[in-house]
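The following paragraphs lead through one structure, beginning at its ligand and moving outward to the chain as a whole. Please keep the sequence and the coordinates at hand while reading.

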Amino acid sequence: MGKLAVNGGEKLRTRAFPSWPMHDQREKEALNEVLESGKWWYGEKVKQFEEAFAAYQDAKYGITTTNGTAALEIALIAAGVGAGDEVIVPPYTFVATATAVLKANAIPVFVDIQPDTFNIDPQRIKEAITEKTKAIVPVHFAGLPADMDEITAIARQHNLAVIEDAAHAWGSRWRDRGVGAIGELGGFSFQMSKNITAGEGGIILTNSEELADTCRSYSNCGRGKDKPWYEHYLLGGNYRMTEFQAAILLAQLTRLDEQVTRRQENARKLDQALSDFPGIEPLKNSPQVSRRSYHLYCFRYLPEQLRGVSRDRFIQALNAEGIPCSGGYPHPLYKNPLFQRKGYGPQFCPLSCPYYGKTVDYAQTHCPVAEKICEQAVWLTHNLLLGTQEDMNDIIRAIEKIVDNIDELQ
Ligand SMILES: Cc1ncc(COP(=O)(O)O)c(C=O)c1O
């Protein structure tokens, strides 16, 4: 029998970490208030949440949606993305970042990420711009802001829209400015795994009144501002949030500051301790990142520094010690059958759209950094970072135990 729990040794930790989602009397009262009011539909609570969240992220306007996917789709269409356009996206993200582009009838162009932030690499963006490029969608992955100085400068130079996928970045700040409306538009998600949640939900942020009105119209059946109810101006849909969702989100927002602070403090402790181990590399914090939501705590696992033991074997061992973690995305987005086979829609539009005038073949797409990160990344979910100092010590001790006994895993 070995020392490691995965080999029958004693498990380092048996207690559970804080669970997610969290709620208390605040959510119960807020929900009950809506229930009793009889006003369940797209009213005061939605308006209150839109204003509160937009202000929280330093944006002028907030337009809630059914989810983060819809927020991105609407933002792209409102930004003028359409048939024949190319939109630059990272491949290391949730599928919605790229499918939102397809839903806007445009072509996702995958641009590689940086190994030390997991965010889109601005240098690679420059190389990918063509006469068809219309927009860039940086993802603030895990809540770490992408390099918005470089990205907005490139966009300005080439007259491109920037639509931030801020689905993980509630409370994140770049140069002490909330993310989400640093570009023209940004989308957030409130799905259940997210750091503030109503089970599902999303919001679009912008500083432009015109874009806000367009997003509102798309999200509300194409209606016009201050226009008759049964008059429709745009090909919109029903992407409205309910009063119940908004009420829960208002309650969740009251906890967010304190939780971001705690996650940051705990992440700092992990960063300091884990950087001392061979083969464990936490993500980089650039000085422009003034606040980081830590939807995930990520590090790179480098097998070449740990006797060639695979990342998946390391994760198995860490799980066995009582520390939940995963390897995240198994492959970059373009490796999915959706992109490899271009297999959707009766005419395979928009990938074979005549407006585009070029052919797309994602079998030829290769983003070496993203592919490597899919083999190296280790993800710990944000609820772990809501634990105590002792909980963080357990994470550190478990990794130390595995590193010290790495030979057992060979
Ligand atoms: C990076 C990213 N973008 C967009 C989305 C879509 O959000 P939703 O699930 O609310 O539709 C997600 C959801 O996980 C995400 O992780």
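Which of the 14 residues around the ligand come nearest? In this predicted model, they are Gly-68, Thr-69, Phe-94, Ala-167 and Ser-189. Two helices take part in the surroundings of the ligand: α3, spanning residues 68–78, and α4, spanning residues 96–103, each contribute at least two residues to the shell. Sorted by class, the shell consists of 9 polar, 4 nonpolar and 1 charged residues.

The description now turns to helix α7, which covers residues 209–219. This helix is mostly covered, with 8 of its 11 residues buried. The buried positions are Leu-211, Ala-212, Thr-214, Cys-215, Arg-216, Ser-217, Tyr-218 and Ser-219. Against which elements do these buried residues of α7 pack? Their partners are the helix α3 and the strands β1 (61–65), β8 (185–189) and β9 (202–206). Helix α3 thus links the two parts of this account: α3 supplies residues to the shell around the ligand, and α3 is also packed against by the buried residues of α7. Just after α7, the backbone at Cys-221 adopts a positive phi of about 65 degrees.

Elsewhere in the chain, an open sheet is built from 3 strands in the order β7-β6-β11, and the pairing is antiparallel. The edges of this sheet are formed by β7 (177–178) and β11 (289–291), each of which pairs on one side only. Strand β6, comprising residues 173–174, is joined to β7 by 2 bridges, and the two strands run antiparallel. Within this pairing, Trp-174 stands opposite Arg-177 of β7.

These elements belong to a chain that contains 12 helices and 13 strands. How compact is the chain for its 410 residues? Its radius of gyration is 22 Å, close to the 22 Å given by the globule rule for 410 residues, so the chain is as compact as a globular protein of that length. Along the principal axes, the C-alpha trace spans about 75 × 55 × 40 Å. Of the 410 residues, 48% count as buried. Contacts between residues distant in sequence are also counted: among contacts with a separation of 6 or more, 71% involve residues 24 or more positions apart.

Key. Residues are numbered from 1 along each chain as its sequence is written. This is a predicted model: local features need pLDDT of at least 70, side-chain atom pairs count only at pLDDT 80 or more; totals for chains, interfaces and linings use all residues. A residue is near a molecule or strand if its C-beta atom, placed from the backbone, lies within 6 Å of it. Helices (H or I, at least four residues) and strands (E, at least two) are DSSP runs, numbered from the N terminus. Ala, Val, Leu, Ile, Met, Phe, Trp, Tyr, Cys and Pro count as nonpolar, Asp, Glu, Lys and Arg as charged, and the others, Gly among them, as polar. Two strands pair if DSSP finds at least two bridges between them. The radius of gyration is taken over C-alpha atoms; the globule rule is 2.2 Å times the number of residues to the power 0.38. A residue is buried if 20 or more other C-beta atoms lie within 10 Å of its own, exposed if 12 or fewer, and partly exposed in between; C-beta atoms are placed from the backbone. Two residues are in contact if their C-beta atoms, placed from the backbone, lie within 7 Å.
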